[in-house]
Amino acid sequence: FKHHLMKLLVAASTILVSGVVANDNGLALTPPMGWRSWNLYGADVNQDLMISIMDAMVDRSRTVDGQPTSLCDLGYCDVGLDDNWQVCSDDQDYNFHDDDGNPIVNLDLFPDMKAMTDYAHGLGLTAGWYGNNCICAEKETQDQKFYEGDVKAFMDFGFDGWKLDGCGAQLDLQLYDDLINATGNAVVVENCHWGSAPPFEPTLDWCPWNFYRTSGDVRASYSSVLENLATTYKYADTLLSRPGCWAYPDMLEVGCNGGATDGGGLNDVETRTHFGSWAIVSSPMTLSHDVNNATIMDDIWDLISNKEVIEINQAWFGHPGGPYKTSDEIVTLQHEEGVDGEVTVGAQQYLYKPMSEDGSKVAVLVMNSDDSEVTVDVSFDEIPGFKGGEGVSARCVWGRKDMGVFDGVLDGVVISSHDARFFMFEAKAE
C-alpha cells in the first residue's frame, strides 16, 4: 500500500512540474457519455436504425426523482455510428475509397448522412462517425489523400465525434489531428487502437485525441469486463488519464446480452459491477444496448440513471480513479466458451476516486470476484489522500442513502459473488 501511494505522489509531482496537456480543442473535459452501435448491432446498421436510436435518447417516458428524464438529460447525448456505413469492393484500387481518397458511403444503407446528423442536432444530440474501418479495412497505403478525404467527408456530413479504429492503414492520428485543426472545427476523437497499435497511448505532453482505448473489444462476460478494466490502471498510476485525454476500456455492455460482442451475458450484479467500475476510473460511458426495447430499458434504468454514479464519473479532482488495495487471495476466471485464456485477479479489489480538492471526500468501490459471498472492512486510513478518521459519514451510492457516521473503518461490508459495493465517504468538517 505504501509503495502504491508513493507512485501516485511521484506521478502527481511530475504532472505539476511538467504542466500536462491533453488535446487542446476544449472538448471532453469530462468523460464523454453517449451511445454507439457496435456492441449490439455490429455490421447490421442503417440510417433508419440510427434515427430511431436518436429519438430514444431524448425520450422522457421514464423518470428520475419524479421528473420526466431522457438519457440525454442525464448526459448521454452523443449517438455514434460504427462500422459498415461504407461500400466494400474488390473491383476498385482501394477497398472503400475512390482514387481521390474520398470514402464511399453505402447509399442503400445511408442515403443522406448530412440529413442524419442534422436530425441529431435538431434533437440536441451530437453525432459520431467511424473511420479507419475494420470491415474491408483499407489497403496498405499511407497516402495523405485518404486522410484528407476522410476529414473532408467528416466535415461535409456534419459529424461531431470520430472513432478512429486500428484496422486499416490510416494510423497517423497526429496527421488526422492536424487536418482537423486546419478546418477550424473542434472534434471529439477516440483513438481506438486497442492499447496495442501505435500510437495507442499519450505522454505527459502529447495527446492528439480526447479518449483512447486501452484494450481489445469488451464482451458481455464478467471475465472480459475485469480484463478490460485492468488495462486502465497503469494510466491512473501515471495520471495519463485526465481531462481531454481519458483512458477507455471500451463501450459498456450494460443491457447488451447477445449481439455482436456477446460473451455469454452478464447477470444483474455483474452488470452493476461493470457500470460502477467504468464510472470510478473516469471511463467514457458509452451505452450500446437497444434503447428502443422497453423491457431492457426498464431493467437497467435505475442503474444507468443513477445521478450519483454519473456525478462520480464526471468529477475531476486531480486523479481519474483506480485501485488502491487488492486482497491477497487470487481468483482465476475462465473466459466464456469459445474464447481462449483466463483472467487472474485479486478476489477483492478496492478502487477509489477523490471527490474534493482538500481530501475530505472520496468515492470507493469494492468488488468481489470470488465465487462466494464475502464480508470485508473498509479502513479509511488506507484510502490514498483521504483525510477521514473519526466521524466519517458514509453513503451508499447504489441506494442513494446515508448509512451513518463511522470511526476509522466501515466494517462488516457484505458483498455477494461478482457484485460490488459503492460508497461515498466524507470526513467530519474541522
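This short talk walks through the disulfides, one buried asparagine, one helix and one pocket of the structure shown above.

Before the details, please keep in mind that this is a predicted model, in which local features need pLDDT of at least 70 and side-chain atom pairs count only at pLDDT 80 or more, while totals for chains, interfaces and linings use all residues. Residues are numbered from 1 along each chain as its sequence is written, and side-chain values use heavy atoms, with hydrogens and water left out.

Let me start with the cysteines. How many disulfides does a search of the whole structure find? The search finds four, where a disulfide is taken as a pair of cysteine sulfur atoms within 2.5 Å. With bonded cysteines counted along the chain, the pattern of pairing is 1-2, 3-5, 4-6, 7-8. I will go through three of these links.

Cys72 is joined to Cys77, with an S to S distance of 2.1 Å, and the link is right-handed, with 100 degrees about the S-S bond. Cys72 is buried, at a relative accessible area of 14%; here buried means under 20% relative accessible area, exposed means over 50%, and partly exposed is in between, with a 1.4 Å probe and protein chains only.

Cys134 is joined to Cys167, with an S to S distance of 1.8 Å, and this link is also right-handed, with 75 degrees about the S-S bond. The pair links distant parts of the chain, since Cys134 sits in the loop between β5 and α6 and Cys167 in the loop between β6 and α7, 33 residues apart. For these element names, helices (H or I, at least four residues) and strands (E, at least two) are DSSP runs, numbered from the N terminus. Cys134 is partly exposed, with a relative accessible area of 32%, and Cys167 is likewise partly exposed, at 30%.

Cys207 is joined to Cys245, with an S to S distance of 2.1 Å, and the torsion about this S-S bond is about 95 degrees, so the disulfide is right-handed. Because Cys207 lies in the loop between β7 and β8 (211-213) and Cys245 in the loop between α9 (233-237) and β9 (246-248), the pair ties together parts that are 38 residues apart in sequence. Cys207 is buried, with a relative accessible area of 4%, and Cys245 is buried at 0%.

Why is Cys192 not bonded to Cys134? The sulfur of Cys134 is the closest cysteine sulfur to that of Cys192, but at 6.9 Å it is too far for a bond. Cys192 is itself buried, with a relative accessible area of 1%.

I turn next to Asn132, which lies in the loop between β5 and α6 and counts as buried at 3% relative accessibility. Its side chain has a polar atom 3.3 Å from the backbone nitrogen of Gly168, and a polar atom of the Asn132 side chain also lies 3.1 Å from the backbone nitrogen of Gln170. Leaving aside neighbours within four places in sequence, Asn132 is in contact (heavy atoms within 4.5 Å) with Asp165, Gly166, Cys167, Gly168, Ala169, Gln170 and Leu171.

Following the chain onward brings us to helix α7, residues 173-183. Asp172 caps the N-terminal end of α7, with a side-chain oxygen 3.2 Å from the backbone nitrogen of Gln174. Within the helix, Leu173, Leu175, Tyr176, Asp177, Leu179 and Ile180 are buried, and the buried residues of α7 pack against α6 (144-157), β6 (161-165) and β7 (188-192). An α-helix has 3.6 residues a turn, so residues three or four places apart point the same way. After α7 comes Gly184, whose phi is positive, near 85 degrees.

Finally, the second largest pocket holds about 440 Å³ of space. On a 1 Å grid over the protein atoms alone, a pocket is an open set of points where a 1.4 Å probe fits, with protein on both sides within 12 Å along at least five of seven lines, and lining residues have an atom within 4 Å of a point. Of the 25 lining residues, the closest to the centre of this pocket are Pro32, Met33, Asp78, Thr126 and Val188. β1 (33-36), β5 (126-131), β6 and β7 each supply at least two residues of the lining, and β1 gives the most, with four.

Key:
Polar contact = N/O pair within 3.5 Å; in protein donor to acceptor, adjacent residues only side chain to side chain. Points joined across faces, edges and corners; volume = space filled by probe spheres on them.
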